[in-house]
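Subject: Structure handover

Hello,

Here is the structure I promised to pass on. Please open it alongside these notes.

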Amino acid sequence: MTLDSLQLQSVNEPAKQAAEYSPGRKPGVCRPKRTFGATEGRKRNLYRTITPLFSVARCIWLFAAVLLLADIARTQQQQPLFSQKPAAKESTRQRYQIQLKLDFDALSYSGSERVRWINRGDRATSALYFHLYSNLRPDPASGNAGSQAAEAQEPRLDITQVRSAQDGTPLPYSLDDQGTTLRVNLREQLSTGQSTEVVLGFKGSVPEIDPDETALTTHVVKQLSAALRGEREMRRPRDLNFRCRGVMLLGTSYPVLAVRDGDEWMRRLEPSVGDMIFNEVANYEVNIEVAPGVIVFTSAGEDRAESNSQKSAVFAAAGLRDFAIIAGRNLRFEQKEIEGTTLRSIFVAEHERVGKRVLAMAEDALRVFSSKFGTLPFKTINVAEAPLVAGLGSTEFSGLQVIASAFYVDFDSPAVRNLPEIIREQRPSVEESLEWSVAHLVAHQWWGAAVGNDPAREPVLDEAMASWSALLYFKEIYGEQKTVTVLQDQLQGVYRLYRTFGGEDMDANRPSRDYRNTFQYAAVVTTKGTLMFVDLQRLLGDEKLLAAFRNYYRANLFEIAELDDLRGAVIAEAPLEQRRAVARMFNRWLANKRGDEDIAKPDQELATSLGLPAKPNQQRGGDRNALKPFARLGKFFWQQITRIR
Ligand SMILES: [Zn+2]
């Protein structure tokens with residue numbers, strides 16, 4: 001079976017129809033240069049323009065808002081303001097054909113990839129840029145300068161050859177930005193609409209991670225440190241590429257084309273507390289060779305007709321934004337066919353009961369979201385546990401969601417006795433948090449995977465949409481009353497605790513580098529962004545907000561969207577007299593510091609009656625005493641601190 005035969009019919013037509021509701025980038029069309037008077041490359045961010053006006057004089061702001069609405073209305077009426085090119089056919093999409101040989105026991109792999117790239121820009125180009133995410137270091141100076149021990153704790157990706165796929169001749173290339181960017185020089189200029197194929201050889205390695213780093217106690221202590229001391233956290237490539245407890249995760253194992261925005265390559269990679277991967281969609285066909293006995297799952301489904309089960313397996317899928325691999329000898333799975341999609345839960349043998357529960361929750365989430373937002377273009381959706389390091393509760397790829405094994409707690413099993421009592425007492429909270437995470441992660445297949453956005457520049461976009469979707473899941477499955485409790489537990493509670501322990505209110509639409517750690521990120525970005533949708537829901541009603549989400553989904557499927565696209569979709573659904581209120585809500589929740597008024601005030605009583613304890617002990621798993629000094633902080637505190645973030 002070829003990738004082109006996996007064609008996603010019925011996707012382009014509704015997308016085109018829905019596109020007019022969203023002022024954003026249209027399917028298969030390069031970023032419009034003039035949507036809102038944008039300058040080079042990026043669209044002007046509307047509410048950032050509005051914010052200073054608001055603080056100067058209310059009347060000026062109102063005038064600006066009227067202009068904004070007029071602008072949006074004009075965009076909708078005079079469609080299109082920019083040249084409407086035909087939607088990109090799937091056959092003109094980027095394509096990766098990867099051969100990967102995985103040496104599970106030696107923590108290494110080697111491979112080659114044939115990559116097809118089409119120039120969808122306006123100008124000819126003679127260079128391609130790839131990201132080698134595995135080589136990103138939080139502090140490049142120290143990483144390169146020599147700490148070999150630190151370097152051994154990180155994955156590595158090296159290029160072994162670069163050649164033309166047409167005639168096999170070597171192509172000149174160079175590595176920049178501390179080895180995170182590969183520039184390939186083409187022999188000839190590639191003009192607009194033309195495609196080229198190159199072959200890259202590569203090899204890589206991953207670190208073995210100490211199981212203690214991934215224990216539940218360690219996750220909890222890490223959250224304590226973030227809450228009490230504002231400890232800084234950075235995502236590192238080792239968070240996504242490692243082997244630990246017999247499970248290997250390869251999140252960024254191959255060179256991947258950088259995003260091209262119009263004629264500009266988005267080369268900049270910046271470590272932060274947010275997601276590091278930002279790719280365009282592509283079709284994938286990946287052949288993986290492993291030793292017998294090692295079980296492999298990936299972002300794509302296995303193509304059994306092509307696989308030689310003795311030696312290798314072939315995985316293929318269309319329209320993926322990344323391709324992640326999870327492997328191990330002890331992995332089990334349960335799966336279910338749901339309206340043509342294979343939904344699979346992957347877990348280690350001792351977590352079977354939790355793994356089955358996760359499948360049931362994921363099934364409910366998939367059904368709810370498919371009916372409310374539209375069906376996903378993916379044929380396989382996996383939810384897997386993996387021993388993620390403390391500080392990272394979950395992570396998402398196209399077709400593959402990962403939750404830290406630490407939170408796969410089977411409270412009915414004898415092994416649970418090894419956990420500190422203070423954590424065992426949080427059973428309802430830990431279990432609800434797992435359900436919240438499953439719903440949130442499944443929703444990321446719509447918001448983040450199918451519709452992309454830049455997680456470094458506008459992390460609030462997919463985060464808030466995924467969390468609001470999780471609320472929708474609880475409402476559909478358990479009803480209104482439970483949803484109110486979950487909203488308090490999962491969203492308002494973390495903001496209240498964050499403020500109680502001295503965290504400052506911040507605006508929620510900042511780039512992810514501006515947030516110190518996942519605790520702050522959850523309190524500000526996730527909570528405020530999600531509560532904005534709750535507010536909009538109150539203003540417009542469920543049906544209008546859902547229609548906006550649906551239209552945004554159809555209009556931006558397989559594309560990279562921006563906050564303005566979503567704002568446009570919501571405003572388009574709002575009656576004329578409410579449009580100003582919608583614009584104001586976006587502004588209030590995302591660009592202002594009104595959290596204490598709108599969410600919760602710091603809990604002075606909690607803070608003063610208990611006093612702030614000294615800093616937590618070193619982060620070692622299994623240390624039953626590490627949490628003792630904090631036991632008196634009470635139930636509310638512990639419920640918050642044992643959640644998946
Ligand atoms: Zn998320």
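I start with a loop. Aspartate 177 is found between strand 5 (173-176) and strand 6 (181-190). Its phi is positive, about 50 degrees, although the residue is not a glycine. Is aspartate 177 buried or exposed? Neither label fits: it has 16 C-beta neighbours inside 10 Å, so it counts as partly exposed. Note that this is a predicted model.

Glutamate 339 is another loop residue to look at. It lies between strand 18 (331-338) and strand 19 (341-348). Phi is near 45 degrees here, again a positive value in a residue other than glycine. Glutamate 339 has 11 C-beta neighbours inside 10 Å, so it counts as exposed.

Now the overall picture. The protein chain has 645 residues, and 51% of them are buried. Its secondary structure comes to 18 helices and 22 strands. Take the contacts with a separation of 6 or more: 74% of them link residues 24 or more positions apart.

Sheets

Seven strands form an open sheet. The order is 4-7-2-1-13-16-15, and the pairing is mixed. Strand 4 (156-164) and strand 15 (301-302) are the edge strands, each pairing on one side only. Within this sheet, strand 1 (residues 94-103) and strand 2 (residues 108-118) pair over nine bridges in the antiparallel sense. Aspartate 103 stands opposite serine 108 of strand 2.

Strand 22 (residues 400-404) deserves a look. Five of its five residues are buried, so the rest of the structure largely encloses it. Both faces are covered. Leu400, Val402 and Ala404 sit on one side; Gln401 and Ile403 sit on the other. As a rule, side chains in a regular strand alternate between the two faces of the sheet.

Which strands join strand 22? Strand 20 (residues 380-386) runs parallel to it, with five bridges. Strand 21 (residues 394-397) runs antiparallel to it, with four bridges. Isoleucine 403 appears in both pairings. It is the bridge partner of glutamate 385, and serine 394 stands opposite it. Strand 21 and strand 22 form a hairpin with two residues between them. Glycine 399, in the turn, has a positive phi of about 70 degrees.

Strand 9 (residues 247-250) is also buried on both sides. Val247 and Leu249 point one way, Met248 and Leu250 the other, and all are buried. Four bridges join strand 9 to strand 8 (residues 241-244), and the two run antiparallel. Four bridges also join strand 9 to strand 17 (residues 325-328), again antiparallel. Leucine 249 takes part on both sides: phenylalanine 242 stands opposite it, and it stands opposite isoleucine 326 of strand 17. The hairpin of strand 8 and strand 9 has two residues between the strands. There, arginine 245 takes a positive phi near 50 degrees.

Helices

Helix 11 (residues 480-500) has 21 residues. At 1.5 Å a residue it should span 30 Å, and its end C-alpha atoms are 28 Å apart, which agrees. Where is the kink in helix 11? It is centred on glutamine 492 and comes to about 45 degrees. Buried residues of helix 11 include Val486, Leu487, Gln490 and Leu491, as well as Gly493, Val494, Tyr495 and Arg496. Leu497, Tyr498, Arg499 and Thr500 are buried too. Just after this helix, glycine 502 takes a positive phi of about 95 degrees.

Helix 13 (residues 542-556) has 15 residues. It reaches 21 Å from first C-alpha to last, close to the 21 Å expected at 1.5 Å a residue. Among its buried residues are Leu545, Ala548, Phe549 and Asn551. Phenylalanine 558 follows helix 13, and its phi is positive, near 70 degrees.

How do helix 12 (residues 518-540) and helix 13 cross, and at roughly what angle? Their axes come within 6 Å and cross at roughly 125 degrees. That lies outside the 65 to 115 range for roughly perpendicular and is not over 145, so the pair counts as oblique. Phe533, Leu536, Gln537 and Leu540 of helix 12 make the contact with Asp542, Lys544 and Leu545 of helix 13.

Best wishes

Definitions and conventions. Residues numbered from 1 in each chain as written. Predicted model: local features only at pLDDT ≥ 70, side-chain atom pairs only at ≥ 80, totals over all residues. Buried ≥ 20, exposed ≤ 12 C-beta atoms within 10 Å, placed from the backbone. Contact = placed C-beta atoms within 7 Å. Expected span 1.5 Å × (residues − 1). Bend = angle between axes of the 7 residues up to and from the residue. Pairing = 2+ DSSP bridges. Axes fitted to C-alpha atoms, helices over the stretch in contact; angles between N-to-C directions. Parallel < 35°, antiparallel > 145°, perpendicular 65-115°, else oblique.
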